[in-house]
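User: Please take a close look at the charged side chains that pair with one another, and describe the surroundings of the residues involved. A formal account, with the criteria stated, would be appreciated.

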Amino acid sequence: MRKWPVIGVLLLGGGVAVYSGTTGSLPFMAKSAAPRPPAVRVPVSAAEVQRMDVPVYLDGIGTVQAFNSVVAKSRVDSQIVKMNYSEGKDVRAGDVLVEIDPRPFQATLEQAQATKLKDEAHLTNARLDLGRAMQLDSVGHGSKQQADTSQALVSQLVATVKADQAMIDMAQTQLGYTRIASPIDGRAGTKLVDIGNIVRATDNGGVVSINQLHPIFVNFSLPADSLPPIRARLKEGEITVTAQDANGSDLANGKLSVIDNQINTATGTITYKATFDNNDEVLWPGQFVNVRVELDVRRNVVAVPVTAVQQGPDGTFAFVVGPDRKVLKRVIKVGEVNKTTAIIDDGIQTGDLVVTEGQYRIQAGTTVDVQGNPTASRTLAP
C-alpha cells in the first residue's frame, strides 16, 4: 500500500518535466522576455581616403643668419667726437656712422705736404745745377765729375719727393679712417662705444655692428643621408625651403643656396643654407626656426591623415569604418609620410572611411559613431 504514494510522486514529477520541455517553463514560473539593449556606439573621428598631390619633406631646425654681418671698428687711435647713426635703424653703404677727432691726422698730413714742397724746391734747384754743369762740360769748362754729381743729386731728390708723396698718401688714408662708414646696406645694432670715448686700432669690440637683412640666410643641418636625394633634386631645379615658427605656421619661403663641402663626422649631419628675400622682415638674425625642405611631390596618390596610421604586432594597419558602422582592421603599406599626411601604397582605397582619432577605444567589430564628419555620416547606416 505504501508504494502507491511513491509512484504518484514519480508520475507527477515526470508530467511536470514533460510539460516544461514542451512549453519551455511552467505558467507560474514564466517571465516576460526583456528586449536586448542596442550595442553601444563608440564615438570616433574619421576621414575619407582621397587622392591628392602630397609633398615629401625633410624636416630640421635652423638658425637665421644675416646675409652679411660687419662690426665697424676704428683703424686709428683717437677720441669719438660724433655719431651719425640711430640704433636699430637702416643704414646705407657709404654712410658715415662715427667720426673720430681728425686734428692730429690733419696736422700730420699738412706736415707731409710741407716736407714735399721743401724737397720739390731742392729738386728744382738741383736740376738747375745739373743743367749748368752739363752746359759747362759740353764746352770744356766743367768737369765730368761735377756733372755726374749733379745728376746723382737730382735722382736722389726725385726719390725723396716720391717718398714725400707716399707719406702724404698715408696721412690722407689715416685722416680718412677718422670717418667710419658702413661698408654694406643693413640694420645698425646697439652702440658698443659711446661718444667721447677713446678708441684704438687694437680694440676688438668695435663701435657698432651692421647686419644685412634683405636677403637673409637660414642655416640648418640634416642627416648625411639627405645629401644624395637633395643633390639629385637640385639637378632638376631649385629646391623650396620653408621656415616655420614653433607652432608649425609658415613664416617665409626661400631657396636652398648652399651645401657645405663636408659632413660633420661628430654628428653625422651636413649643413645647408637657404636664402630668403625677407622683405617683410619676419626672419631675424639669431632666431630659431623649423625648416621644411620640399624634396619631391607625389602626384595623385592615395593619402590619409597621418593619425590614421597605427602600429601593431602584425605591422602597420588602419581601422576602416564599414557601411554598417562596424570597424574593420586593415593591414596597410605606407609610403612617404610627412607631419600631416601619409601616402598609402596598398591596403585601402579611395572612398574608404578611416578612423583618425579614438583608436584606443575600439577593435575589429566595434560599432562606432563618427563625430564631426557630415559627409561620412551620410554614407553610413543609421
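Analyst: R187 is a suitable starting point: its relative accessibility of 15% makes it buried (buried means under 20% relative accessible area, exposed over 50%, and partly exposed in between, with a 1.4 Å probe and protein chains only). The model is a predicted one, in which local features need pLDDT of at least 70 and side-chain atom pairs count only at pLDDT 80 or more, whereas totals for chains, interfaces and linings use all residues. Residues are numbered from 1 along each chain as its sequence is written, and side-chain values use heavy atoms, with hydrogens and water left out.

The side chain of R187 meets that of E281 in a salt bridge, at 2.8 Å from N to O (a side-chain nitrogen of Lys or Arg within 4 Å of a carboxyl oxygen of Asp or Glu). This pair links distant parts of the chain, 94 residues apart: R187 belongs to strand β8 (residues 186-188), and E281 to the loop between β14 and β15 (288-305). Helices (H or I, at least four residues) and strands (E, at least two) are DSSP runs, numbered from the N terminus. Unlike buried R187, E281 counts as partly exposed, at 25% relative accessibility. D90 joins R187 and E281 in a network of salt bridges. In the whole structure, the search finds 14 salt bridges.

E238 and K255 provide another such pair, their side chains meeting at 4.0 Å, N to O. E238 lies in the loop between α4 (227-236) and β12 (240-244), and K255 in strand β13 (residues 250-259), so the salt bridge ties together parts that are 17 residues apart in sequence. E238 is exposed at 55% relative accessibility, while K255 is partly exposed at 35%.

R298 and D345 also meet in a salt bridge, at 3.8 Å from N to O. Since R298 is part of strand β15 and D345 of strand β20 (residues 341-346), this pair ties together parts that are 47 residues apart in sequence. Both partners are partly exposed: R298 has a relative accessibility of 27%, and D345 has a relative accessible area of 42%.

Strand β20 also holds T341, which is buried at 14% relative accessible area. The side chain of T341 makes a polar contact of 3.2 Å with the side chain of T340 (a pair of N or O atoms within 3.5 Å; within protein, one must be able to donate a hydrogen and the other to accept it, and residues adjacent in sequence count only if both atoms are side-chain atoms). Leaving aside residues up to four places away in sequence, T341 touches M52, V54, A303, V304, V306 and E336, contact meaning heavy atoms within 4.5 Å.

Charged side chains also meet aromatic rings. The charged end of R292 sits over the ring of Y57, 3.8 Å from the ring centre, and that of K273 sits over the ring of F217 at 4.6 Å. The criterion is NZ of Lys or CZ of Arg within 6 Å of the ring centre and within 35 degrees of the ring normal.
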